[in-house]
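Student: I would like a close look at one part of this model, with the surrounding details worked through in order. Please keep it plain.

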Amino acid sequence: MPINPRFSRYARLLNAALLALALVPAARAESGPPVTATPALLKLLKIAEIKPVTVSESLRLSARVELDQHRVAKIGATVTGRVTEINAMLGQVVTKGERLASLNSTELSQAQSEYLKASSQVNLRRLTVQRAERLHDSGVLAEAELLERRGVLTEAEVDLRAATDRLRVLGMSDGDLKRLAQQRAIDSFSPVTSSIAGVVIERNVAVGQVVQPADSLYTVADLSHLWLVAEIPEQQAYWARQGDQVQAEVPALPGREVSGKLIYVADLVDPDTRTVTVRMALANPERLFKPQMLATLKISKPDTQSLVVPSRAVVRETDRDYVFVRLADDRFELRPVQLGAEQAQQRPLLSGLNAGEHIVVDGAFHLNNERLRSALE
């Protein structure tokens, strides 16, 4: 049966189209033969030599100013009592040992009473033992009787030591104990004092309030030293090492760049955020930096000499990176390369090129179109 000439023509056109479609991915996947650029195309190209340059790599992270937790104190009462006086307000600068508030405590009164009773018993038992020793020396008192009275004295001394320790736990100093022993007058007022020098940043107490030893009445912080805290994604955690030099900028204080060292790099990844926490020590003698200010933390690696490729020179095909290498004045080869992450519009060269070779750094798009066109002809 004869073939219809019109059908034969359509078949040839279809085969040509299918062949062209088959050649396009092949042309994209393989570099193919060198491309010859026309004089007009050469005017669109810019050629540069691959040579070592100084590479400065840095990582910028969102950060925040936080309190130095080693310089923060939660301060409460040492006894159960009722607040009778407030001596420190929010924002007040206080010294170590300064009185912040005063309490009236029946618990303290009872403990002092027990101390005075125990002290009286010790004094009485000592006199009894001294008298028993004189009688024993005179042959009037038996040895067993003397030992019994010494045992009673020992028990009284144990009770006195226990009463003394309890008063120390309730906040009385050695000076307070000495004064109590001399004056033998009960004082039911107990001071709430600051354990560090700093600024009162939190107050949770009012006159007339009944407080317990577990209650946090004040928070005092030394604001002369703070922390700058940032979170590094786990994929970039290798950037940070304890002791690394870092720089920071705080937008609220324009023009003030501070530098310091990383004092802490977490050993664990936060399972919720998939980040690693880092901290920088931040000196704050003028108290210009405020906790919870936002900041930017910059971690820099030491400068290195490395081969780099401008990002605009890279041709991306089939999930791979290529560059055009000049073979002659007008002939170019598309060569696969391995590149690192982009930094300042440049990508470090890992493999595929040698120092001294020349590549197309501008116009690679036009040259690649010419290569694809030639592959279809």
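Student: At what angle do the axes of α4 and α5 cross, and within what distance do they come?

Tutor: The model is a predicted one, and every value below is computed from it. The axes of α4 and α5 cross at roughly 130° and come within 10 Å. That angle makes α4 oblique to α5, because an angle has to be over 145 degrees to count as roughly antiparallel. The crossing of α4 past α5 is right-handed.

Helix α4 has another partner to consider. In general, a pair of packed helices is described by the angle between the axes and the distance between them. Helix α3, residues 106-137, packs with helix α4, residues 143-169, at an angle of about 160° and with the axes 8 Å apart. Because of that angle, α3 is roughly antiparallel to α4. The α3 and α4 crossing is left-handed, whereas α4 passes α5 in a right-handed crossing. The residues in the contact of α3 with α4 are 14 nonpolar, eleven charged and six polar.

One residue of α3 gives a sense of distance in the model. Glu133 sits in helix α3 and is partly exposed, at 29% relative accessibility. Between Glu133 and Leu90 there are 62 Å in space, C-alpha to C-alpha, for a separation of 43 residues in sequence.

Now to α5 itself, which covers residues 174-183. Within α5, the side chains of Asp176 and Arg179 form a salt bridge, with 2.4 Å from N to O. The two residues are three apart in the helix, so about one helical turn separates Asp176 from Arg179. Asp176 is partly exposed at 24% relative accessibility, and Arg179 is also partly exposed, at 41%. Elsewhere, salt bridges with shared partners link Arg64, Glu66 and Glu231 into one network.

After α5 comes a loop that leads to β9, residues 189-193, and Arg184 is placed in that loop. The phi of Arg184 is near 50°, which is positive, and the residue is not glycine. For context, most residues other than glycine have a negative phi. Arg184 is partly exposed, with a relative accessible area of 35%.

A second residue with this backbone feature is Asp319, a non-glycine whose phi is positive at about 60°. Its place is in the loop between β19, residues 315-317, and β20, residues 320-326. Asp319 is exposed, because its relative accessibility is 68% and the cut-off for exposed is over 50%.

The salt bridge in α5 can be set beside others in the model. Side chains of opposite charge can pair when their charged atoms come close. Counting each case of a Lys or Arg side-chain nitrogen within 4 Å of an Asp or Glu carboxyl oxygen, the total is 20 salt bridges. One of these joins the side chains of Asp68 and Arg71, with an N to O distance of 3.3 Å. Asp68 is buried, with a relative accessible area of 9%, while Arg71 is partly exposed at 30%.

Another joins the side chains of Lys74 and Glu202, at 3.5 Å from N to O. Lys74 belongs to strand β5, residues 72-75, and Glu202 to strand β10, residues 198-203, so this pair ties together parts that lie 128 residues apart in sequence. Lys74 is exposed, with 57% relative accessible area, and Glu202 is partly exposed, with 32%. By contrast, the bridge between Asp176 and Arg179 spans three residues within helix α5.

One other side-chain pairing can be listed, this time between rings. The structure holds one aromatic pair. It is made by Tyr238 and Trp239, and because the ring planes stand at 40°, with the centres 6.2 Å apart, the pair is tilted. Tyr238 is partly exposed at 47% relative accessibility, whereas Trp239 is buried at 8%.

To return to your question, α4 and α5 cross at roughly 130° with their axes within 10 Å, while α3 and α4 pack at about 160° with their axes 8 Å apart.

Note on methods:
Residues numbered from 1 in each chain as written. Predicted model: local features only at pLDDT ≥ 70, side-chain atom pairs only at ≥ 80, totals over all residues. Heavy atoms only, no water. Axes fitted to C-alpha atoms, helices over the stretch in contact; angles between N-to-C directions. Helix = DSSP H or I, 4+ residues; strand = E, 2+ residues; numbered from the N terminus. Parallel < 35°, antiparallel > 145°, perpendicular 65-115°, else oblique. Left-handed = near helix turned anticlockwise from the far one by under 90°. Nonpolar A, V, L, I, M, F, W, Y, C, P; charged D, E, K, R; others polar. Buried < 20%, exposed > 50% of the residue type's maximum accessible area, 1.4 Å probe, protein only. Phe/Tyr/Trp six-rings, centres within 6.5 Å; stacked < 30°, edge-to-face > 60°.
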